[in-house]
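Q: Please give me a close look at helix packing here, in one connected account. I would like the cut-offs spelled out as the terms come up.

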Amino acid sequence: MTTAAPAPSSRDLPHPAREEIRLEGVLHALSDPVRLRIVRELAAEGVELTCSQFDLPVTKSTTTHHFRVLRESGVIRQAYEGTAKMNGLRRSDLDDLFPGLLDCLLTAAAHQSTRHTSD
């Protein structure tokens, strides 16, 4: 007799498996300044953060969209803890699949943020 797998909860969020993460998806996700900011904050903190811990210059629905793009591309993992949606950087997956990419992008983003442009 076989037992059926438990039905997924409506609170389960779809994530790509490690082998499904594609470079072009990661690069697309990180090409947006708001999403790059989210990833920079997650990398700097080194721990999971709730969505409400980010002070983003966009509406709540746009924030939700940005987190979804990051999750669906494999850049972050989201999971509910109680009523809070926790967000964590999938650093080990990204580092294994694309060695040096995340660190390079984070360094470049930090450099860009400190540059002073002159007109």
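A: Happy to, and handedness is a good term to settle at the outset: a crossing is left-handed if the near helix is turned anticlockwise from the far one by less than a right angle, and right-handed if it is turned clockwise. This is a predicted model, in which local features need pLDDT of at least 70 and side-chain atom pairs count only at pLDDT 80 or more, while totals for chains, interfaces and linings use all residues. Residues are numbered from 1 along each chain as its sequence is written, and side-chain values use heavy atoms, with hydrogens and water left out.

Here is the overall layout. The protein chain holds five helices and three strands, where helices (H or I, at least four residues) and strands (E, at least two) are DSSP runs numbered from the N terminus. Read from that end, the order is α-α-β-α-β-β-α-α. Of the 119 residues, 31% are buried; buried means under 20% relative accessible area, exposed over 50%, and partly exposed in between, with a 1.4 Å probe and protein chains only. A contact is a pair of residues with heavy atoms within 4.5 Å. Among contacts between residues at least 6 apart in sequence, 65% join residues at least 24 apart.

Now to the packing itself. The largest nonpolar core has 23 residues, and Ile38, Val39, Leu70 and Val75 have the most contacts inside it. Such a core is a set of buried Ala, Val, Leu, Ile, Met, Phe, Trp, Tyr and Cys residues joined through side-chain atoms within 4.5 Å. At least two core residues come from each of α1 (23-30), α2 (33-45), α3 (60-73) and α5 (101-114), and α2 gives the most, with five. In soluble globular proteins, nonpolar side chains tend to be buried together.

Leu70 is a handy place to stand and look around. Leaving aside neighbours within four places in sequence, Leu70 touches Ala29, Leu30, Arg35, Ile38, Val39, Val75 and Ile76.

Take the pairing of α2 and α3 next. Two packed helices are described by the angle between their axes and the distance between the axes. Axes here are lines fitted to C-alpha atoms, for helices over the stretch in contact, and angles run from 0 to 180 degrees between N-to-C directions. For α2 and α3 the angle is about 70°, with the axes 10 Å apart. These two helices are therefore roughly perpendicular; angles under 35 degrees count as roughly parallel, over 145 as roughly antiparallel, 65 to 115 as roughly perpendicular and the rest as oblique. The crossing of α2 and α3 is right-handed. Across it, Val34, Arg35, Ile38 and Val39 in α2 meet His65, His66, Phe67, Val69 and Leu70 in α3.

The axes of α1 and α3 come within 9 Å and cross at roughly 160°, which makes α1 roughly antiparallel to α3. This crossing is left-handed. On the α1 side, Gly25, Val26, His28, Ala29 and Leu30 take part, meeting Val69, Leu70 and Ser73 in α3.

Staying with α1, its buried residues are Val26, Ala29 and Leu30. They lie on the same side of α1 because they cover an arc of only 90° around the axis, the arc being that of the directions from the helix axis to the C-beta atoms. These buried residues pack against α2, α3, α4 (91-97) and α5.

Two residues outside the helices are worth a visit. Arg90, in the loop between β3 (84-89) and α4, is buried at 5% relative accessible area. Beyond its neighbours within four places in sequence, Arg90 contacts His15, Pro16, Ala17, Arg18, Ile21, Gly74, Val75, Ile76 and Arg77. Leu49, in strand β1 (residues 49-50), also counts as buried, at 8%. With neighbours within four places in sequence left aside, the contacts of Leu49 include Glu41 and Leu42. By contrast, Glu45 in helix α2 is exposed, with a relative accessible area of 51%.
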